[in-house]
Amino acid sequence: MLSILEDIKRTGSWAVMGILNVTPDSFSDGGRYDRCDAAVEHALSMQAAGARIIDIGGESTRPGAEPVTVQHELKRVVPVIEALRRQSDIAISIDSMKPEVMQAAIDAGADMVNDVNALQAQGAVEVCARAGVPVCLMHKQGTPQTMQDDPQYRDVVEEVAVFLQQAADRCIEGGIAADRIMVDPGFGFGKTLENNLSLLKGTDRLCRLPYPVLVGVSRKSMFGMLLGREVDDRMVASVTAAVIAYQKGARLFRVHDVAETCDALKVCAAVS
Ligand code: 7PM
């Protein structure tokens with residue numbers, strides 16, 4: 001994972017992070033092994049399609065989602081990390097807000113932490129500092145339960161940039177090396193459609209921070225609002241937004257449609 005970040009900083013290369021949701025009800029009657037096998041299979045297919053990182057998460061961070069207990073999150077995520085680690089050397093990211101889950105995931109073989117709460121939970125910075133893992137710090141306004149109710153900003157791009165710089169400062173003070181930090185504007189997390197479009201347009205401002213920028217726009221509701229399309233019909237919009245973010249300096253892309261996004265980014269990189 002560190003070498004991916006070094007490449008990005010040294011050569012301006014890019015990387016796609018494939019999304020692996022490990023939710024309890026994706027196979028309602030399947031036993032634990034079926035679910036775990038299916039998750040690993042999906043991860044390997046995303047690797048074959050060009051993903052260099054697999055982001056593994058329970059569902060507790062989703063907008064409107066109810067919090068999940070540590071025990072539940074661990075039970076979902078740890079077996080998948082262990083099984084994927086046995087079968088692949090791809091970089092594994094743990095998508096969690098909980099220090100206990102981060103630690104267990106790292107022990108199971110995860111290489112980085114993706115935290116939509118920007119390591120603000122008590123003990124989260126310490127876990128990541130001690131393990132020496134790269135971290136992705138994401139901006140959100142409010143909590144996942146209520147954040148879409150009434151987002152308010154004076155200047156969304158500036159406020160997100162200042163938040164991310166302060167979050168990075170806190171991490172560095174807590175012992176995380178600056179070269180292990182990525183930042184993410186957090187599309188859809190306490191943002192209106194207008195806010196999300198401003199952030200996409202202002203990606204160049206965020207890329208002036210001294211950290212690689214990761215964007216997660218894949219299949220998000222901003223495209224549902226803009227286009228009136230259902231979640232499974234937002235691939236072209238998502239890839240287009242990734243291209244725009246790339247051209248404004250983003251280099252890490254958290255996506256569902258790995259092959260299509262890689263094609264688009266290869267074309268971008270060939271002329272940049
Ligand atoms: C429903 C709505 C389900 C939104 C899932 C989501 C990001 C993330 C998520 C992001 C980083 C999704 C989101 N989004 N982590 N986790 N950046 N770093 O689309 O934008 O998967 S959850």
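A nonpolar patch is made of residues with over 30% relative accessible area and no salt bridge, whose nonpolar side chains are joined within 5 Å. The exercises below concern a predicted model.

**Exercise 1. A patch on the surface**

Task: Determine which residues make the nonpolar surface patch of about 250 Å², and decide whether Leu 227 is buried, partly exposed or exposed.

Solution.
- Step 1. The patch is formed by Leu 197, Leu 226 and Leu 227.
- Step 2. Leu 227 belongs to helix H9, which covers residues 221-227.
- Step 3. The relative accessibility of Leu 227 is 44%. Partly exposed residues fall between the limits of 20% and 50%, and therefore Leu 227 counts as partly exposed.

**Exercise 2. Two cysteines**

Task: State how many disulfides a search of the whole structure finds, and explain why Cys 128 is in no disulfide.

Solution.
- Step 1. A disulfide is a covalent bond between the sulfur atoms of two cysteines.
- Step 2. Searching the whole structure gives 0 disulfides.
- Step 3. For Cys 128, the nearest cysteine sulfur is that of Cys 171, at 7.6 Å. The two sulfur atoms of a disulfide must lie within 2.5 Å, so Cys 128 is in no disulfide.
- Step 4. Seen from Cys 171, the nearest cysteine sulfur is that of Cys 128, 7.6 Å away, and Cys 171 is likewise in no disulfide.
- Step 5. As for accessibility, Cys 128 is buried at 1%, and Cys 171 is buried at 0%.

**Exercise 3. The surroundings of the ligand**

Task: Identify which of the 13 residues around the ligand come nearest, and find how much of the ligand's accessible area the protein covers.

Solution.
- Step 1. The nearest residues are Asn 114, Asp 184, Gly 216, Lys 220 and Arg 254.
- Step 2. Consider the nitrogen atoms of the ligand. A polar side-chain atom of Asn 114 is 2.7 Å from a ligand nitrogen, and a side-chain N or O atom of Asp 184 is 2.6 Å from a ligand nitrogen.
- Step 3. Consider next an oxygen atom of the ligand. The side chain of Arg 254 places an N or O atom 2.9 Å from a ligand oxygen.
- Step 4. On its own, the ligand has 480 Å² of accessible area, of which the protein covers 83%.

**Exercise 4. Positive phi angles in a loop**

Task: Locate Ala 118 and Leu 119, and state what phi each residue has.

Solution.
- Step 1. Ala 118 is placed in the loop between strand E4 (112-115) and helix H5 (124-131). The loop between E4 and H5 also holds Leu 119.
- Step 2. Ala 118 has a phi near 55°, which is positive although the residue is not glycine. Leu 119, also not a glycine, has a positive phi of about 60°.
- Step 3. The relative accessible area of Ala 118 is 0%, so this residue is buried. Leu 119, with 2%, is buried as well.

**Exercise 5. Separation in sequence and in space**

Task: Find how far apart Val 156 and Ser 198 are in sequence and in space, and do likewise for Thr 146 and Ala 65.

Solution.
- Step 1. Val 156 is part of helix H6 (residues 156-173) and is buried, at 7% relative accessible area.
- Step 2. Between Val 156 and Ser 198 there is a sequence separation of 42 residues and a C-alpha to C-alpha distance of 7.3 Å.
- Step 3. Thr 146 sits in the loop between strand E5 (135-138) and H6. With 42% relative accessibility, Thr 146 counts as partly exposed.
- Step 4. Thr 146 and Ala 65 are separated by 81 residues in sequence and by 9.4 Å in space, C-alpha to C-alpha.

Conventions. Residues are numbered from 1 along each chain as its sequence is written. This is a predicted model: local features need pLDDT of at least 70, side-chain atom pairs count only at pLDDT 80 or more; totals for chains, interfaces and linings use all residues. Side-chain values use heavy atoms; hydrogens and water are left out. Buried means under 20% relative accessible area, exposed over 50%, partly exposed in between (1.4 Å probe, protein chains only). Patches are made of residues with over 30% relative accessible area and no salt bridge: like charges are joined within 9 Å, nonpolar side chains (Val, Leu, Ile, Met, Phe, Trp, Tyr) within 5 Å. Accessible areas come from the Shrake-Rupley method with a 1.4 Å probe; for residues, only the protein chains shown count as cover. A salt bridge is a side-chain nitrogen of Lys or Arg within 4 Å of a carboxyl oxygen of Asp or Glu. Helices (H or I, at least four residues) and strands (E, at least two) are DSSP runs, numbered from the N terminus. A residue is near a molecule or strand if one of its heavy atoms lies within 4 Å of it. A polar contact is a pair of N or O atoms within 3.5 Å; within protein, one must be able to donate a hydrogen and the other to accept it, and residues adjacent in sequence count only if both atoms are side-chain atoms.
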